[in-house]
Amino acid sequence: MVLAELGGRITCAIRKMNNVTIIDEKSLNECLNEITRALLQSDVSFPLVKNMQTNIKNIVNLQDLAVGHNKRKIIEQAIFSELCKMLDPGKPVFNPKKTKPSVVMFVGLQGSGKTTTCTKYAYHHQKKGFKPALVCADTFRAGAFDQLKQNATKAKIPFYGSYTESDPVKIAVEGVDRFKKENCDLIIVDTSGRHKQEASLFEEMRQVAEATKPDLVIFVMDSSIGQAAFDQAQAFKQSVSVGAVIITKMDGHAKGGGALSAVAATKSPIIFIGTGEHMDEFEVFEAKPFVSRLLGMGDLSGLVDKLQAVVPKEQQTTLVENLSQGNFTLRIMYDQFQSLMNFPLKELYSMLPGISAELMPKGHEEESRAKMKRYMTIMDSMTNEELDSSNPKVFSETRMMRIARGSGRIVSEVMEMLNEYKKLATTFGKGKGQNMSKILPPQLL
Ligand code: GDP
């Protein structure tokens, strides 16, 4: 996803500014200009970028900042919060409940991935215990009903549609009524998409919305739509009351900046992203952790979630407890290395503060894994007391020599491993909010 490149460029601009001795109007402008260029090249619309620049300048009023204020931190925070605002206007989104049937209507241009996304959305909620159902009110595209039927059958989700009825409003109403009677708690209505904005499409959408009274209208947008995103999204918003956005094809090579424009145009947050053609290639989207990762500020809660996904169940509680208490022993490090052997390391690093995913040099995953294996061999020659101690001072010279001999390595390698451990222990020990680029083991990158 090219949005990650955008993150890399913004991080670079901030880092460049952090390297100058005095933060003044000139260095702030240079930083903001670099960010502006990066955003525009990623297809974020010009008015939106201009607005962001003005907002940051208003927040960071250099003249008014008293001496002693940490200007760098204030600027970084302003950039962070403006990017979050771009992705989440702060409007609450309707959440389907199991206690009462909800109707969710999907709108978007043809080819945006609407039909695929309807099933992904239904499948996601089915896994959470909902009883979803799909209604195909797309009578315009030949084959739309077959596609929905196929997807729904695969996911074992009930569906409704017609090969002969040409009135989408009639189908939508019949489908919604039927599934309400069948006690489905999440009824998803797929509507027609056309190639471009057409008055008849919008009129049809309005009528379907009026007849089915959806609790939520979701606008589906292909991430590759580029600069046209703002106008497209706005046109939809003006016809129906869009409450949320789903961006599809985030796995492709699209620049992705259009996503930010769609949020601004609909004043609605992105709730999910599509990351592939398959049913489970669908991720919940949250602006803050996303921007955090984009800018290399880390996402410690996401990291704990990911670790929970790869760490064996019996180790999870202990791990989370230990990490939250900042208690990071060599044994925990060993267990984590073991779990991480098959884990995409780039993803992991993007969640650690101070590391942008883009900064992990390509082809270094193998090197990192080899290093973890080497460290594990060294730890295999340690006693229980050594493994369970979080105090590196227990490692006297004689102990290090014994460990080196036992693992077939040399003493300097044992020392190197212990240094890495110390750095990781500091990372986990001091926890949130810090720029840890200087203390994370560079050899592991
Ligand atoms: P609709 O016309 O808006 O209903 O679009 P479809 O659901 O038919 O999707 C159009 C094409 O995009 C299909 O080939 C889908 O498999 C594909 N597609 C949908 N979502 C994604 C996604 O997140 N990633 C990728 N790579 N392809 C997707």
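A residue is near a molecule or strand if its C-beta atom, placed from the backbone, lies within 6 Å of it. The model is predicted: local features need pLDDT of at least 70, side-chain atom pairs count only at pLDDT 80 or more, and totals for chains, interfaces and linings use all residues. Residues are numbered from 1 along each chain as its sequence is written.

**Exercise 1. The ligand shell**

Determine how many residues surround the ligand, and which are the closest.

Solution. Step 1: the ligand is surrounded by 18 residues, and the closest are Gly113, Lys114, Thr115, Thr116 and Gly274. Step 2: helix 5 (residues 114-127) supplies the largest share of this shell, three residues. Helices (H or I, at least four residues) and strands (E, at least two) are DSSP runs, numbered from the N terminus. Step 3: by class, the shell holds no nonpolar, 14 polar and four charged residues. Here Ala, Val, Leu, Ile, Met, Phe, Trp, Tyr, Cys and Pro count as nonpolar, Asp, Glu, Lys and Arg as charged, and the others, Gly among them, as polar.

**Exercise 2. The surroundings of Ala244**

Decide whether Ala244 is buried or exposed.

Solution. Step 1: Ala244 belongs to strand 6 (residues 242-248). Step 2: a residue is buried if 20 or more other C-beta atoms lie within 10 Å of its own, exposed if 12 or fewer, and partly exposed in between, with C-beta atoms placed from the backbone. Step 3: Ala244 has 21 other C-beta atoms within 10 Å and is therefore buried. Step 4: leaving aside residues up to four places away in sequence, Ala244 touches Val93, Leu216, Ile218, Ser268, Pro269 and Ile271; contact requires C-beta atoms, placed from the backbone, within 7 Å. Step 5: Ser268 is 24 residues from Ala244 along the chain, yet their C-alpha atoms are separated by 4.9 Å.

**Exercise 3. Two residues with positive phi**

State where Lys156 and Lys249 are placed.

Solution. Step 1: most residues other than glycine have a negative phi. Step 2: Lys156, although not a glycine, has a positive phi of about 55°, and phi of Lys249 is also positive, near 60°. Step 3: Lys156 is in the loop between helix 6 (144-155) and strand 3 (159-160), whereas Lys249 lies in the loop between strand 6 and helix 10 (258-266). Step 4: Lys156 counts as exposed because it has 8 C-beta neighbours inside 10 Å. Lys249 counts as buried because it has 22 C-beta neighbours inside 10 Å.

Key: Two residues are in contact if their C-beta atoms, placed from the backbone, lie within 7 Å.
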